[in-house]
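This briefing introduces one molecular structure to a reader who is new to the subject. Please study the sequence and the model below before reading the notes that follow.

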Amino acid sequence: MLKSLLRQSRRAGAALYWLVGIVCCAGTVLAMMLYNNIAERKHEAASTTLRIVDLTETTVDPAEWGKNFPRQYDGYIRTSDNAKARFKWSEGRPPEDEIHAGMNKADSKLAGDPRLKTIFNGYAFAIDYRERRGHSFMLFDQRETERVKQKPQPGACLNCHASNVVAYREVGLKNGAPGELSDPLLSEAGQKQLFKGFETVNKMSYNDATQLVKHPVTCLDCHDPKSMVLRVTRPAFLEGIANLAKSSDAVPHLPSIEQWRKGDRKSEYNPNALAGRQEMRSMTCAQCHVEYYFKGDEKRLTFPWHNGLKAEQEEAYYDSVGWTDFTHKDSGAKVLKAQHPEFELWSQGVHARSGVSCADCHMPYMREGAMKFTDHQVQTPMAHVNRSCQTCHNYTESEIQSRVDQIQSRSKAQLDRAEIAVVDLIRAIQAAAAAGASDEELKHARELQRKAQWRADLMNAENSMGFHAPAEFLRICGEAIDYARQGEVEVAKLGKKKQ
Ligand code: HEC
Ligand code: HEC
Ligand code: HEC
Ligand code: HEC
Ligand code: HEC
């Protein structure tokens, strides 16, 4: 009995011994596994930190940034899946000959609004003019447009269609700018490289210039790679906004400019040093979504903000430097072509006045669990009214949509009238010229066409169909109608004289 007990306990002892052994062993293995795991995590953490450190002034590829910021990257690449804007020019399908076989291109704006072919006759926009689409298409669409394929264009076009900060700096360094590529962009040397490259690339041919770039606008163009704070990187914007600051146009929506104006003005207004975060959330967009022209033989990309941002102020600048985009083929008038003045029109509206930025509506916050981040799928806010509008407006989604519809349909009706009036004036001048009216006799009517066409075109080229500033939109269209009909009266007077 005792023997068997002893044997049992010995066995139990042995079992215990084994058990302890196994537990210890397993414990060690577990501990080692845990240690390994921690080490791995630490390594991961370190490498994430390392990768953040890795983002430098030369990291152009957005996929690299995406390793650190996957949510922002995910939105960024999804700009190729954007929802369509509510207001579409090409509502009527373009005729088949407008659609290039096998090529994935945006819909034609000319097909949706045939008046535009008359209005732009004599200029490349009468050949090919399409709907805008998501940021991921910007470089492809520029390379593929018939405006580039059929007409020689300058490198200055690249400013708004590519990630070009590094390309500009490299060209700048090759052309004698000081410092190195690793200098912070906002350092004195960095800025000198950027400006030198800008000046050199502007006057290159588009076909040569476009070889220098690979990506559409990327992270580096809007963010500092170390701190991720927003920055503006386009020389034309830095010059344009400094000129605007020097003007007397009231800009209550850009408080840092109003502040600068009160100072000694010894140095130029510099948004990277002075603008607040909310201003930057619009200024990053205002580098591209603006009216522009190429100045002189240098083809220097220039924003016409010297007198202010309103239609007549930009026009006064162009008149003062004697600028004309093209001579109209049918009427002989020396006219302007307007481009996407989103920043300018937004500046005239109640949202800008209330401190609502482009990013508030077009890049609203989104949530994923506890994470709150900025939606980088830049697109129409109507794709997410809840996040873009209902944060401030306490109405149902359908009510908000119908308010936007109402603004846009009123705007479109008035714009149609303005374009019809411009086309009528073109035809009237053309007929008078054919009947023998002299250039001298037609001078005033042609000047009125320039004024009318500039206004109608500017509101047409603006991409919100009036939403960004409804009252201003109607004012400008109203002026266009008035100038065009005044022009017809001038032509009619000639007719009377001739009889
Ligand atoms: C209060 C909100 C709001 C603000 C602020 C705002 N927008 Fe818009 N934007 C809209 C709406 C609404 C539309 C019309 C969208 C539609 O038709 O689907 C629009 C249209 C556009 C479009 C055409 C959209 C498309 O999908 O084709 C562009 C480009 C644009 N805005 C750029 C800007 C820029 C640049 C700024 C700042 C300077 C700005 N917006 C400020 C609400 C806003
Ligand atoms: C580097 C120039 C550049 C910058 C900076 C830029 N955009 Fe754009 N944006 C473009 C171009 C070019 C297109 C048209 C691309 C195309 O049609 O291929 C575009 C298209 C758009 C569209 C139309 C999208 C669609 O689906 O139709 C919206 C909305 C827009 N931008 C808003 C913004 C906002 C808001 C900002 C600032 C956060 C901004 N953009 C910054 C150049 C720029
Ligand atoms: C100041 C910035 C800026 C410059 C410079 C610029 N673009 Fe754009 N471009 C834009 C923006 C913003 C859009 C999107 C809004 C729109 O389509 O109205 C756009 C749209 C386009 C589109 C698509 C829609 C269309 O018009 O068919 C093409 C193509 C294009 N640009 C070609 C060019 C060419 C060619 C040049 C040089 C002559 C040029 N861009 C210079 C900002 C610019
Ligand atoms: C056209 C300009 C633009 C581009 C291009 C852009 N961003 Fe942003 N980004 C913004 C704006 C505007 C904000 C909001 C910043 C603020 O409010 O201070 C932002 C915010 C951020 C933030 C801060 C966190 C957050 O979500 O609010 C991160 C991180 C970020 N972006 C990463 C990226 C990455 C990665 C890319 C490239 C894949 C990129 N961004 C491209 C304009 C841009
Ligand atoms: C950050 C706040 C904010 C956001 C976001 C915002 N709004 Fe507004 N909105 C305002 C303010 C402020 C006014 C001025 C009226 C007032 O003071 O109540 C206004 C006015 C308006 C008006 C009337 C004025 C006009 O221009 O005709 C409309 C319509 C409007 N908003 C629609 C929208 C839509 C659509 C969106 C989303 C795309 C939007 N808002 C996003 C703050 C905002």
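Among contacts in the chain between residues at least 6 apart in sequence, what percentage join residues at least 24 apart? The figure is 67%. The model is a predicted one. Its chain has 499 residues, of which 39% count as buried, and it holds 23 helices and six strands.

**The surroundings of ligand 4**

- Ligand 4 has 23 residues around it, and those that come nearest are Gln72, Cys219, Cys222, Phe373 and Thr374.
- At least two residues of this shell come from each of helix 2 (62-68), helix 3 (70-77), helix 11 (219-222), helix 15 (277-283) and strand 6 (371-374).
- By residue class, the shell around ligand 4 consists of 13 nonpolar, seven polar and three charged residues.

**The surroundings of ligand 5**

- Ligand 5 is surrounded by 17 residues, with Ser354, Pro381, Ser388, Cys389 and Cys392 the closest.
- Helix 18 (350-353), helix 19 (358-362) and helix 21 (397-434) each contribute at least two residues to the shell around ligand 5.
- Among the contributors to this shell, helix 21 gives the most, with three residues.
- Domain 2 (62-84 + 132-323 + 357-391) and domain 3 (399-498) each provide at least three residues of the shell around ligand 5.
- Nine nonpolar, six polar and two charged residues make up the shell around ligand 5.

**The buried face of helix 13**

- Helix 13 covers residues 255-262, and its residues Ser256, Ile257 and Trp260 are buried.
- Viewed down the axis of helix 13, the buried residues fall within an arc of 100 degrees, so they line one face of the helix.
- A general rule applies here: an α-helix has 3.6 residues a turn, so residues three or four places apart point the same way.
- The buried residues of helix 13 pack against helix 12 (235-246), helix 14 (271-274) and helix 15.
- Helix 15 also supplies at least two residues of the shell around ligand 4.

**The hairpin of strands 5 and 6**

- Strand 5, residues 365-368, pairs with strand 6 in the antiparallel sense over four bridges.
- In this pairing, Glu368 stands opposite Met371 in strand 6.
- The two strands, strand 5 and strand 6, form a hairpin with two residues between them.
- Gly369, in the turn of this hairpin, has a positive phi of about 60 degrees.
- Phe373 and Thr374 are among the residues that come nearest to ligand 4, and strand 6 supplies at least two residues of the shell around that ligand.

Definitions and conventions
Residues are numbered from 1 along each chain as its sequence is written. Chains are lettered from A and ligands numbered from 1 in the order in which they are written. This is a predicted model: local features need pLDDT of at least 70, side-chain atom pairs count only at pLDDT 80 or more; totals for chains, interfaces and linings use all residues. A residue is near a molecule or strand if its C-beta atom, placed from the backbone, lies within 6 Å of it. Ala, Val, Leu, Ile, Met, Phe, Trp, Tyr, Cys and Pro count as nonpolar, Asp, Glu, Lys and Arg as charged, and the others, Gly among them, as polar. Domain bounds come from an automatic or database domain assignment. A residue is buried if 20 or more other C-beta atoms lie within 10 Å of its own, exposed if 12 or fewer, and partly exposed in between; C-beta atoms are placed from the backbone. The arc is that of the directions from the helix axis to the C-beta atoms. Two residues are in contact if their C-beta atoms, placed from the backbone, lie within 7 Å. Two strands pair if DSSP finds at least two bridges between them.
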